[in-house]
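Work through these exercises with the structure open beside you. Try each task before you read its solution.

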Amino acid sequence: MSPHVLILGGTAEARELAAALAARPGLRVTTSLAGRVTRPGALAGDVRVGGFGGAEGLADWLREQGVDALVDATHPFAEEITANAARAAGATGVRAVVLRRPGWRPGPEDRWHTVASLGEAADLLPGFGPRVFLTTGRMGLARFAHLADRHFVVRSVDPPEPPMPPHTEVLLARGPFTVTDELTLLREYLIDVLVTKDSGGQATAAKLTAARRLRLPVVMVARPPLPEGVSVATDVAQVLEWLRLDAP
């Protein structure tokens with residue numbers, strides 16, 4: 001039976017890894033998507049959509065499908081999925097690695113205010129100007145819903161669902177974005193403060209450069225910690241090496 005690799009996907013790195021693995025003869029690759037994005041791009045190999053039913057459901061699927069290796073390449077803030085993957089791997093003995101791109105780091109000219117959660121980010125906003133550019137995704141807007149004296153410009157791939165702040169403009173867009181794009185947006189909407197998560201990577205980093213150039217404050221939500229003892233890779237090449245597939 002062909003070796004079977006399960007990728008928990010949803011990121012550009014997951015897509016890149018699936019393409020690299022699908023090109024290997026005699027290797028089966030399945031990418032699992034949570035289904036939160038309505039129009040995911042094409043993926044190489046097999047694709048499944050939807051949850052597993054927690055750590056136990058994932059462990060059952062690993063056994064049933066004869067998975068030999070598990071790569072968690074989900075978003076850095078998919079904390080519950082990552083915890084479930086670690087528990088399922090431990091319960092089944094399946095080799096597992098977390099693929100996480102490096103996080104962003106502030107430079108000397110950046111005006112970052114780092115917080116541990118969306119709730120802490122909301123608590124800081126009354127200390128800044130009233131117009132907020134919010135790029136934390138569509139799932140956590142309820143944390144800001146009580147801020148009736150702020151005007152939010154929210155950018156999301158898919159339309160967000162209530163509750164959300166009463167004064168909200170929604171921009172539906174998918175990166176990558178250029179620095180010119182972001183400078184235009186920040187100026188056009190008269191943004192006073194940017195709120196974002198430490199997603200890392202280049203696809204959405206231009207907003208940080210734009211904020212730096214305009215001397216705007218940035219409220220940065222730090223990543224949740226990874227489960228204790230998990231193996232970590234920072235790029236696809238490291239995952240291929242971990243899988244012992246680095247040679248062509």
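**Exercise 1: A threonine and its partner**

The backbone oxygen of A73 lies 2.7 Å from a polar atom of the side chain of T11. The model is a predicted one. Task: find out where T11 sits, what it touches, and whether it is buried or exposed.

Solution.
- Step 1. Place the residue. T11 belongs to the loop between β1 and α1, and α1 covers residues 12-22.
- Step 2. List its contacts, leaving out residues up to four places away in sequence. T11 touches A73, T74, H75 and R101.
- Step 3. Judge the exposure. Buried means under 20% relative accessible area. T11 has 10%, so T11 is buried.

**Exercise 2: A proline before the first strand**

Task: locate P3, then state which residues it touches beyond four places in sequence.

Solution.
- Step 1. P3 is in the segment before β1, which spans 4-8.
- Step 2. Its contacts, with residues up to four places away set aside, are G26, L27, R28 and D68.
- Step 3. Look at L27 again. L27 is 24 residues from P3 along the chain, yet their C-alpha atoms are separated by 5.3 Å.
- Step 4. Check the exposure. Partly exposed lies between the 20% and 50% cut-offs. P3 has a relative accessible area of 40%, so P3 is partly exposed.

**Exercise 3: The covered side of a helix**

Task: which residues of helix α2 are buried, and what covers them?

Solution.
- Step 1. Find α2 at residues 54-64.
- Step 2. Pick out the buried residues: A55, G57, L58, A59, W61 and L62.
- Step 3. Name the cover. It includes β1, β2 (28-33), β3 (46-49) and α3 (79-92).
- Step 4. Move past the end of the helix. Just after α2, G66 takes a positive phi of about 60°.

**Exercise 4: Two helices that cross**

Task: describe how α5 and α6 pack.

Solution.
- Step 1. Choose what to report. Two packed helices are described by the angle between their axes and the distance between the axes.
- Step 2. Read both values. The axes of α5 (residues 179-188) and α6 (residues 206-213) come within 8 Å and cross at roughly 55°.
- Step 3. Name the arrangement. Angles under 35 degrees are roughly parallel, and 65 to 115 is roughly perpendicular. The angle here fits neither range, so α5 is oblique to α6.
- Step 4. Add the hand. α5 passes α6 in a right-handed crossing.
- Step 5. List the contact. α5 gives V179, E182, L183 and L186, while α6 gives A206, K207, T209, A210, A211 and R213.
- Step 6. Sort these residues. The contact has 6 nonpolar, 1 polar and 3 charged residues.

**Exercise 5: Unusual backbone**

Task: where are the cis peptide bonds from P162 to P163 and from G175 to P176, and where are L190 and R215, which have positive phi?

Solution.
- Step 1. Recall the usual case. Most residues other than glycine have a negative phi, and most peptide bonds are trans.
- Step 2. Take the first cis bond. From P162 to P163, omega is near 5°. P163 is in the loop between β8 (151-156) and β9 (168-172).
- Step 3. Take the bond from G175 to P176. Its omega is near 10°. P176 lies in the loop between β9 and α5.
- Step 4. Turn to L190. Its phi is about 55°, though L190 is not a glycine. L190 lies in the loop between α5 and β10 (193-197). With a relative accessible area of 58%, L190 is exposed.
- Step 5. Finish with R215. Its phi is about 60°, and R215 is not a glycine either. R215 lies in the loop between α6 and β11 (218-221). At 46% relative accessible area, R215 is partly exposed.

Methods:
Residues numbered from 1 in each chain as written. Predicted model: local features only at pLDDT ≥ 70, side-chain atom pairs only at ≥ 80, totals over all residues. Heavy atoms only, no water. Helix = DSSP H or I, 4+ residues; strand = E, 2+ residues; numbered from the N terminus. Buried < 20%, exposed > 50% of the residue type's maximum accessible area, 1.4 Å probe, protein only. Contact = heavy atoms within 4.5 Å. Polar contact = N/O pair within 3.5 Å; in protein donor to acceptor, adjacent residues only side chain to side chain. Axes fitted to C-alpha atoms, helices over the stretch in contact; angles between N-to-C directions. Parallel < 35°, antiparallel > 145°, perpendicular 65-115°, else oblique. Left-handed = near helix turned anticlockwise from the far one by under 90°. Nonpolar A, V, L, I, M, F, W, Y, C, P; charged D, E, K, R; others polar.
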